[in-house]
Structures are given as structure tokens and as C-alpha cells.
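Here is a friendly walk through one protein model, beginning with a pair of helices and then stepping back to the whole chain. Keep the structure open while you read.

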Amino acid sequence: MNDEVENPFSLLADETRLGIVEAIGDASGDGEYVSLPYSAIQAALGDHDAGNLNYHLRKLKARFVERTDDGYRLTVPGIRVYQAISSGQFDGDRPTVPPTELDADCDECGAPLLASYEDGRFFVHCSDCDIMLHRYPVSPNSFDPDDVEDLVRTANTRIHLDFSSMVDGICPYCSGTVDHDLSTDDRVDAGVEERDVFAHLTCRVCGWFNHLSVEMVAFHHPVTVVFFERRGVPEHYLDPVVPGEWTTTVPSTDPWRVEVTIDLDGAEGTSPVGRDATLGTGDTLRLVVDGALDVVEWAVLE
Ligand SMILES: [Zn+2]
Ligand SMILES: [Zn+2]
């Protein structure tokens with residue numbers, strides 16, 4: 001079969017070829033993907049037989065490496081393959097982190113929350129009731145498995161960036177366009193229409209999806225990040241449990257208007273130290289999210 005039409009995954013289904021991609025990738029860094037001389041590739045593979053190495057390089061040249069004056073360099077698909085290998089996502093011996101108590105309690109029952117890592121996923125769940133706060137894929141090589149705080153920090157950063165990207169309409173994994181729709185439950189509390197509104201986000205291209213409450217759209221919004229930062233909680237999305245009273249109401253479903261109010265009055269962990277006039281001096285932030293998941297209004301209330 002002609003190399004040009006050969007399936008890219010069959011081209012990669014070979015130890016030596018993956019070894020070549022890894023060798024060129026490992027030699028890169030410091031702000032560039034290098035060209036690795038033929039002799040260096042040969043040495044990295046343990047003085048591979050020349051005829052055989054040429055054969056595999058020819059196969060890879062169809063897509064994953066290109067010839068330069070200095071040797072061989074990864075193409076963009078080659079870099080993507082190298083990233084997939086080095087993330088550890090396909091390793092058989094991925095690390096696990098056993099359920100470890102966090103310095104945070106369950107909102108529902110007050111029992112301590114536990115963080116863990118298994119089968120490539122990060123979990124935060126209650127030690128007593130059924131509450132599961134997080135269940136999210138995180139690359140095995142992105143955190144120190146002996147340091148649960150590093151796991152929580154890394155995973156929460158990943159979640160913050162992914163949610164923000166999805167809400168902005170771009171898939172964080174394939175850059176495809178993300179569609180979304182909203183739905184609400186029927187719980188209507190006396191007096192106020194306090195209820196959860198859920199956003200269902202799906203990538204048109206790769207099918208990656210998130211289901212999150214619109215409260216989470218407000219949670220990850222830049223205004224909220226700055227509001228918390230100015231009240232002594234920098235990068236609030238890294239904390240297992242964020243302080244304050246959060247209330248969601250739905251003034252309108254056509255068009256969608258979801259109002260999220262965050263009240264930090266006297267909340268544990270906040271401090272007046274960072275407060276300044278840039279974002280008001282009040283303790284309450286109110287944001288209004290519309291059907292496009294944009295924050296169309298916000299105000300700090302005294
Ligand atoms: Zn609980
Ligand atoms: Zn996608």
C-alpha cells in the first residue's frame with residue numbers, strides 16, 4: 001500500500017517508530033522542537049540496524065517526521081503523538097492516589113471530603129453521603145502522585161481551563177465548535193424561584209461534553225476570579241470548597257436570564273486585606289448569565 005494513503009494509526013503501530021518519535025521529542029524543549037541527527041536517533045534506539053531504521057523513518061516521513069538539513073524533526077501530527085505518549089494517558093501502569101481527606105467538608109452533610117485518582121480520573125467525593133463533586137480526566141504525568149495537594153491543584157486548574165474553554169465555545173481537546181443548551185429542574189422554593197439550571201455542552205467535532213450548572217459558569221468567570229482575589233482568595237477555583245453563600249435564581253427562561261449571587265459576608269477564609277475600589281468594597285457579587293452562557297450583567301453590592 002502507498003504510504004500516502006496508509007492509515008496513520010497503522011503507520012504508528014510499531015515499537016521502533018514510536019521510539020523514533022519519542023527520541024526526537026525527548027531531545028526537544030527549551031522553546032523549540034529540534035531536528036535530531038540520524039546518528040543520534042540511532043543511538044537513542046540502542047544502535048539500531050541502519051537498513052531497518054531507514055525503513056521506519058521512511059514510513060514516518062509520510063506524516064509524523066520531516067527531513068531537515070540537520071536530521072529529522074516532528075511534524076505537527078508527530079508532536080501530537082509525542083504529547084499523547086508523554087502525558088502517560090496510554091500507559092498500563094497509571095498511578096493511583098487512594099482516597100485522602102481534604103481540609104474541606106461536604107456542603108450537604110458536613111463530613112470530610114476525599115480526593116482520589118484512579119483509571120486516569122480525578123475524584124472528589126464525600127466520605128459519608130453520595131455527593132460527588134468531581135469526576136474528571138487528568139493526565140497521569142501532570143501531577144506528583146505522592147502529593148494529594150498537587151493533584152487537587154492540577155486537576156482544578158485543568159477543570160477551570162476546560163470549562164472556560166467549553167463555555168467560550170471552543171473544545172479544549174480538538175478545537176471544534178461547542179454547542180450548548182440549557183435546562184432547569186422544576187424545584188421552585190417559596191417566594192423565590194431558586195433552582196438549578198444546567199448547561200449541556202457538546203463538541204460538534206469530537207463529542208467531548210460537559211454538563212454543568214450555570215452557577216459553574218459564574219464560578220469560572222473572570223469577574224468572579226477577580227472578586228475572590230480582591231477578597232483574599234486568589235484562584236478560588238483551586239480550593240476544594242469555595243467560601244460564601246451561593247444562590248441561583250431564574251428571572252426568565254425566554255430569553256434565559258440566570259442570576260447567581262455570591263455572598264461573602266463573614267465567610268471563612270476571606271479577608272479585607274486585598275479589597276480595593278477596583279471592584280467595589282461590598283461583600284456580594286451578582287452576575288446574570290444569558291442563554292449564550294455570557295455574563296451580560298454583573299455588580300458588586302454594598
Ligand atoms: Zn456528604
Ligand atoms: Zn472536540
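## Two crossing helices

In this predicted model, helices H2 and H5 are roughly perpendicular to each other, a label for angles of 65 to 115 degrees. Their axes come within 9 Å and cross at roughly 90°; each axis is a line fitted to C-alpha atoms over the stretch in contact, and angles run from 0 to 180 degrees between N-to-C directions. Contact means heavy atoms within 4.5 Å, and these residues make it:

| Helix | Residue range | Contact residues |
|---|---|---|
| H2 | 15–27 | Leu18, Val21, Glu22, Gly25, Asp26 |
| H5 | 76–86 | Gly78, Val81, Tyr82, Ile85 |

By type, the residues of this contact divide into 5 nonpolar, 2 polar and 2 charged, with Gly counted as polar and Tyr as nonpolar.

## The whole protein

The protein has 8 helices and 13 strands, which are DSSP runs (helices H or I, at least four residues; strands E, at least two) numbered from the N terminus. Its radius of gyration, taken over C-alpha atoms, is 24 Å, well over the 19 Å from the globule rule for 302 residues, so the protein is more spread out than a compact globule. That rule is 2.2 Å times the number of residues to the power 0.38. Along the principal axes, the C-alpha atoms fill a box of roughly 80 × 40 × 40 Å. Buried residues (under 20% relative accessible area, 1.4 Å probe, protein chains only) make up 42% of the 302 residues.

## Reading notes

Residues are numbered from 1 along each chain as its sequence is written, and chains are lettered from A in the order in which they are written. Local features need pLDDT of at least 70, side-chain atom pairs count only at pLDDT 80 or more, and totals for chains use all residues, while side-chain values use heavy atoms, leaving out hydrogens and water.

Technical notes
Angles under 35 degrees count as roughly parallel, over 145 as roughly antiparallel, 65 to 115 as roughly perpendicular and the rest as oblique. Buried means under 20% relative accessible area, exposed over 50%, partly exposed in between (1.4 Å probe, protein chains only).
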